[in-house]
Amino acid sequence: MRIAAGIRGTKRLQRLSLIAAIGVGALAFTGCSAINQQSTTLVYSASDGVRKNMGQLELRNVLIVSEAAGSPGRLIGTFYNQSAADITLTISGAQGSQTEVTVKPGTPLVLDTVGDKAILSTMAQPPGAMETLELRQSGGATETATLQVPVLDGTLAEYKNLLPTPATTASPSDVSSAAPTDTATAEAAKH
């Protein structure tokens, strides 16, 4: 050992080898980011739904909860109005089904409860597929777009109670005519 340490240039060679090894290691670790896109710069939907920007209107995590093709579907999502005026968004689906939401400026509209009335009467696609929706915004500016949204069913617990039922899609005349029957049935059950 003492002989090698005493030879001129041996320590220098060891140092250069160590520096070269560190340099190769650094290149190996940084090479991937030099030729591949950085994942932190990608814009994506981090949840079950999809996203879309329509001028001053931003749609986030948009999806439909439906039991089956041909059944009604509840629109779920969050809508942001970046303009100074109300924006009305008309959503059209299969077989003439249509719903409408009004998004106030500065306050997000979150559709994620049973009480939300954004329901399309008919879904063309079954759960697990993508439904095509036609979007038309009116308010500050008129803009149209097409959006492919996932259709989910009640398999996941967070969507089970959001499945629309025929009662939630009944017309106002059906609801008012059904109410006395339900009340009469309830009264009869009490006696």
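Okay, let's start at the loop between β4 and β5, because that's where Gln-95 sits, and Gln-95 is exposed, with a relative accessible area of 71%. Its phi is positive, about 50 degrees, even though Gln-95 isn't a glycine. Keep in mind that what we're looking at is a predicted model.

There's another residue like that. Asn-61 also isn't a glycine, and has a positive phi of about 50 degrees. Asn-61, though, is in a strand, namely β2. So is Asn-61 buried, exposed or partly exposed? It counts as partly exposed, at 27% relative accessibility, because partly exposed covers the range between 20% and 50%.

Let me step back to the whole chain for a moment. We've got 4 helices and 9 strands. Reading from the N terminus, you go through α-α, then the run of β elements, and you finish on α-α. The chain has 191 residues, and 28% of them count as buried. The exposed surface comes to about 12100 Å², with carbon and sulfur atoms supplying 58% of that. And if you take contacts between residues at least 6 apart in sequence, 56% of them join residues at least 24 apart.

Now, the inside. The largest nonpolar core has 22 residues, and the ones with the most contacts within it are Leu-59, Leu-75, Phe-79 and Leu-89. Which strands each supply at least two residues of this core? That's β1, β2, β3, β4, β5, β8 and β9. The biggest giver is β2, with 4 residues. Apart from that core there's another one, of 5 residues, including Leu-63, Ile-76, Tyr-159 and Leu-162.

Let's zoom in on Leu-89. Leaving out residues up to four places away in sequence, Leu-89 touches, among others, Met-54, Leu-57, Leu-59 and Phe-79. Its partners also include Thr-99, Glu-100 and Val-101, and then Leu-135, Arg-136 and Gln-137.

Last stop is Thr-90, which lies in strand β4. Thr-90 counts as buried because its relative accessible area is 4%, and the cut-off for buried is under 20%. What does the side chain of Thr-90 make a polar contact with? With the side chain of Glu-100, at 3.3 Å. Setting aside neighbours within four places in sequence, Thr-90 is in contact with Gln-98, Thr-99 and Glu-100, and also with Glu-134, Leu-135 and Arg-136.

So if you're turning the model around yourselves, try going from Gln-95, out in its loop, to Thr-90, buried in the chain.

Definitions and conventions: Residues numbered from 1 in each chain as written. Predicted model: local features only at pLDDT ≥ 70, side-chain atom pairs only at ≥ 80, totals over all residues. Heavy atoms only, no water. Core = buried A, V, L, I, M, F, W, Y, C linked by side-chain atoms within 4.5 Å. Buried < 20%, exposed > 50% of the residue type's maximum accessible area, 1.4 Å probe, protein only. Contact = heavy atoms within 4.5 Å. Areas by Shrake-Rupley, 256 points an atom, 1.4 Å probe, with all protein chains shown as cover. Polar contact = N/O pair within 3.5 Å; in protein donor to acceptor, adjacent residues only side chain to side chain.
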